[in-house]
Amino acid sequence: MAKKRTVLVVEDDAYLVSFYKRIESLLSGKVSIKIVDNATDGIKELEKNTYDALILDLIMPEIDGYAVLEFLQKNNKSDAIHIAVLTNLDTEEDRAKTSKLGSNAYYVKSDLSNSLLQSILLGKV
């Protein structure tokens, strides 16, 4: 049996969290998702566990997703994990900043579909 792809999701939107959980059940056996609802817990999770991929929101209370990207870069972990930013921000400045901080992909939430999310989770995009 193939190894499950492990994905950390850092997302504070309750609707999207439920969406991730539904997708995980559809992809059972292929992906294991850990969801945290803030950047602080995301950093703690990345300090103690290894993931194949990270799906990261940028706009969150307390500290934002950029802090997670900065943590990964500072600790030389950016290259070891596929980072997909999924946010409401849709500016070239944000795209460039996340890319400079090590993200591999950038998606705007309004463009999100079931098939796109499955592709992201499975590492196909």
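**Asn 114 and its surroundings**

I'll start with one pair: the side chains of Asn 114 and Gln 118 are joined by a polar contact of 2.6 Å. A polar contact here is a pair of N or O atoms within 3.5 Å; within protein, one must be able to donate a hydrogen and the other to accept it, and residues adjacent in sequence count only if both atoms are side-chain atoms.

This is a predicted model, in which local features need pLDDT of at least 70, side-chain atom pairs count only at pLDDT 80 or more, and totals for chains, interfaces and linings use all residues. Residues are numbered from 1 along each chain as its sequence is written, and side-chain values use heavy atoms, with hydrogens and water left out.

Asn 114 sits in helix α5, residues 114-122. Helices (H or I, at least four residues) and strands (E, at least two) are DSSP runs, numbered from the N terminus. With 35% relative accessibility, Asn 114 is classed as partly exposed; buried means under 20% relative accessible area, exposed over 50%, partly exposed in between (1.4 Å probe, protein chains only).

What does Asn 114 touch, neighbours within four places in sequence aside? Phe 19, Ile 23 and Leu 26, where contact means heavy atoms within 4.5 Å. Tyr 20 is 94 residues from Asn 114 along the chain, with 9.5 Å between their C-alpha atoms.

Now the whole chain. The protein chain has five helices and five strands, in the order β-α-β-α-β-α-β-α-β-α from the N terminus. Of its 125 residues, 45% count as buried. The C-alpha trace spans about 35 × 30 × 25 Å along its principal axes.
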